[in-house]
Amino acid sequence: MGIHKVDVAKGIQWIEVPEAGLRILCGCPSDAVKHLIKRGLILKQEIKGVTCETGPNTILLSDLPVQNGEFANLAEFPVLQMLYLQGLILPGHPNNTGRKPLLIGSADQLESQMRYIYRGNYGLVSREEIMEAGISADQATEMMRLKLAFAFGRIKPTRDFLETRGVGEGSVEIAAGVHLRRVQPNVFEFTHGGETVIVDLNLKPGETYECPYPLGYRRFVQEYFSIIHSGDGDGWDVNRPAMSSIITYQGRIYLIDAGPQLSHIMAALGIGIEQIDGIFHTHGHDDHFAGLTVLMRAGRRINYYATPLVRTSVAKKLTALLGMEEERFADFFNICDLEMDTWADIEGLEVMPVFSPHPVETNLFVFRTLCGDGYRSYAHFADIVSMQVLEGMVTDQANLPGLDRRAFERIRSAYMVPADVKKIDIGGGLIHGAAEDFRHDATKRILLAHRASELTAVEKEIGSSAAFGTTDVLVAGLSEGLRRHAFSYLEAHLPGVPLHQLRMLVNHPVTEINPGAIILKEGEIPQDVLLLLSGRVERIRTRDDLFGHLPAGAMIGDQAILDQRPATHTYRASSFLRVMHLPASLYAEVVKRNKLLDHRRHASALSKFLDTTNLFGDGLPVAVLGRILDGASEQRFQAGEVIDDQHLQVLNIIRSGSIERAIGDRVLDILKARDVFGEEGAIFKVPCLFRLRAREETVVIQIPGKLIEDVPILRWKLLENQQQRSARMNHDEHPASRVVWNEAVSIHVARMDKHHMKLIEIANAVVENLPRDGNRKPLESLFDALVDYTKYHFDAEEKLMTSYGYPGFEDHHRKHLELLVEVTEYRDRIVSGEVPDQTSFQRFFEAWLIRHILEEDQKYGAFLNSMGVY
């Protein structure tokens, strides 16, 4: 029988071992299930009279949570397909043999996935968590009753229905006679019966995960107030994007939800990320959530509109998936909380969130604006529940899961609010809506969405459908937003230029360029300067493996014209574009008259270098890039020079030369031109655990952290670099003296496990610096970091205990005080000159922290787990 391998799509492969009954989905980015359906690896079948699906029973996770800016591990829908559509969890189903679906991967990714799936199933899991989101005690009790009704009376830990198998440094048996070994990060070897197969889950530079359905390209016109229909399918629909919409209002663009394939959807519509003003988020299921990374990679923090209830639920899921702390959510979005059932005015666009019953926290949205003699309105109802299902949950017994009659009537009334256009979820089943409930709705135009199949004849009598890219115009009137944006872009490019000269530049034609067209080739001399107003442009130089994108506001050909030289990249339209043509001679004259030539050349020279780096390759908003270019400086290190702490508080980008990165005497890697270092202190405000030394004369560009810490795409890429480096380090060979994190140390509370991992990481850096002679400063800095992080961790741990009323808090607090004294005294002995050997420090650390975790932290971990906190 052997091992069968199928290349499904980029980053997704299929392994089947029939003899062992093993069917493995290798890699699970968004829409992996749709790719399997397209390849015929998921099919309808009938077993003993029961209709169900075929599909995987095992998932191999990527070692990296993110690749090239996209989620690499989104197991929510593959797991749902296994449990429900294959029937592996359904009582009495012929496929329910008691064998649970299996997740395979590194320990950290397994933990992240288990917690992310848990949050995807339930959202907020306790009355206390709901109250922390600003809900009153009585309302929180009502919400938990309703949540438990969807959960059939009990919130279950993910381990109740999934098994996990960790892949460490050696080979692991995953089924009878089938072994798996990690060859290198994200490359795995399967063996069975003497046969071997290699699976590589790495994406190449510039590659992205594929969209499973064709979208084509659409022209969109920015009306005064309109709704662009960017999806009406669901998480299973292989032909359409999941339910979502895009609102245009007075020249601004807002998304409603961020589902899978968001970057492809925006490209198909000719919308660039920098054109997005905000997202209105309904809830955190993957078909409304998986595209958040696109928004997290913007050049500024995009406004995030939701109720605190939904925001908190989404943040817990997102940060579990990425292995971040919850407060980091605000590093990537500008939080704009909305109050449930209350109108908010967002620069003339009024919005009201409406509560909707669902397994996870959900708010619907109603939008309106004044026009003529009244309002024009749009209601976006994803996700809702059918009245039949909801009425089945009604009970007059307040101690049982469900809701009372008054709450039921309040929800039904909210669903029936009339609007000019209303898009509703009619996905059916236990957690989605039904078209029949809206048969007598007074709304003028009802759109039916959130389903994989075609509308039935009955449904066609009730509502319409909206094809991808079509628009409902609620208030007509073309916006002059493009020329207004052009003016602001030119102000940023040409500081100090008089208004009349800017107006002169803006008074030039705006044209449209078709997708796929080459705008300017490398080696050509441009005829005009092109100012990009909307759409997405690829910037390519294959001889140096350089791939990137330009944001709205970027200029193409400007420096080539000023320097009278050929273009250094090829520029290609990857969507419909709108560009303003600035005559070359006029643009050059304006620059010359305002004595900006040196400024433009300096900015261009530095920008040209930054464009070749992975960090800056996707472009930044003009104003943001301008601030960075003005604040950057150059620093030179001599061969053999150790980089001191002062230079590790700024971001360093190597322009020439090379830097050795080591822990103690162990060299981890060699950083070369275009690589970065110093992000720990400059951006993440954590100590650098490495020793960095120039191997030769090295020139770096230094950028103060304050200029880039609020730029989401830069923060995101630096985080991705850290995760990749961590994956490499975790799978490299390590000294025997290293303290190793393993499952036994986990207390199964996500945030605290991350803290413990960080303390172990600092301890391992101490261990590797102990044999060193001479400079004691790195060792002292590491002990300072250990003490400081211990204080931070103990404080966070105690706040968590008190918020849930942990009965052992007082005793635990006393032990924390004792531990803090011990580590502080140990640090003071190091500062005074004592240098322990590696073995004695390891014994101290294991007795000091590891024993505390195993004997004390496990107790409160079990207590919190019993309350549904993981």
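In this predicted model, Ser 244 is found in strand E16, which covers residues 244-249. Ser 244 has a relative accessibility of 7% and therefore counts as buried. Setting aside residues up to four places away in sequence, Ser 244 touches His 229, Ser 230, Gly 231, Ile 256, His 380 and Lys 423.

Strands can also be followed in pairs. Strand E13 (residues 187-192) and strand E14 (residues 195-200) pair in the antiparallel sense, over 6 bridges. Within this pairing, Phe 188 stands opposite Val 199 in E14. The two strands E13 and E14 form a hairpin, with 2 residues between them. In the turn, Gly 193 has a positive phi of about 55 degrees.

Turning to the helices, H18 is made of 15 residues, 597-611. From its first C-alpha to its last, helix H18 reaches 20 Å, which is close to the 21 Å expected at 1.5 Å a residue. The buried residues of H18 are a mixed group: Arg 600, Asp 611, Ser 604 and Ser 607 appear in the list, together with Ala 603, Leu 606, Phe 609 and Leu 610.

Nonpolar residues come together in cores. The largest nonpolar core has 93 residues. Those with the most contacts inside this core are Ile 59, Leu 292, Leu 295, Phe 616, Leu 620, Ile 653 and Leu 714. Helix H9 (residues 308-322) provides the largest share of the core, 6 residues. Another core, of 43 residues, lies apart from the largest one, and among its members are Phe 783, Val 787, Ile 830 and Trp 848. Leu 620 offers a detailed view of the contacts made by one residue of the largest core. Not counting residues up to four places away in sequence, Leu 620 touches Gly 299, Pro 551, Leu 625, Ile 628, Val 711, Ile 713 and Leu 714.

Charged side chains also meet, and the structure holds 62 salt bridges. One of them links Glu 111 with Arg 115, whose closest N and O atoms are 3.0 Å apart. Both residues belong to helix H3 (residues 107-122), and because they are 4 residues apart, about one helical turn separates them. Glu 111 counts as buried, at 7% relative accessibility. Its partner Arg 115 is buried too, with a relative accessible area of 8%. Another salt bridge joins Glu 459 to Arg 451, with 2.4 Å between the closest N and O atoms. Here, again, both Glu 459 and Arg 451 are buried.

A further salt bridge brings together the side chains of Lys 815 and Glu 856, at 3.7 Å from N to O. Lys 815 lies in helix H24 (residues 809-831) and Glu 856 in helix H25 (residues 838-866), so this pair ties together parts that are 41 residues apart in sequence. Glu 856 has a relative accessibility of 11% and counts as buried. The pair also belongs to a wider arrangement, in which salt bridges that share partners join Asp 811, Arg 814, Lys 815, Glu 818, Glu 856 and Lys 859 into one network.

Helix H24 also contains His 816. This histidine, His 816, is buried, with a relative accessible area of 2%. The side chain of His 816 makes a polar contact of 2.7 Å with the side chain of Glu 797. With neighbours within four places in sequence left aside, His 816 is in contact with Phe 794, Glu 797, Glu 798, Met 801 and His 852.

Finally, Glu 129 shows how residues separated along the chain can be found together in space. Glu 129 lies in helix H4 (residues 127-132), and at 1% relative accessibility this residue counts as buried. A polar contact of 2.8 Å joins the side chains of Glu 129 and Arg 119. When neighbours within four places in sequence are left aside, the contacts of Glu 129 are Arg 119, Gly 123, Leu 124, Lys 316, Tyr 804 and Val 869. Glu 129 and Ser 803 are 674 residues apart in sequence, and their C-alpha atoms are 9.2 Å apart in space.

Definitions and conventions:
Residues numbered from 1 in each chain as written. Predicted model: local features only at pLDDT ≥ 70, side-chain atom pairs only at ≥ 80, totals over all residues. Heavy atoms only, no water. Expected span 1.5 Å × (residues − 1). Buried < 20%, exposed > 50% of the residue type's maximum accessible area, 1.4 Å probe, protein only. Salt bridge = Lys/Arg side-chain N within 4 Å of Asp/Glu carboxyl O. Core = buried A, V, L, I, M, F, W, Y, C linked by side-chain atoms within 4.5 Å. Contact = heavy atoms within 4.5 Å. Pairing = 2+ DSSP bridges. Polar contact = N/O pair within 3.5 Å; in protein donor to acceptor, adjacent residues only side chain to side chain.
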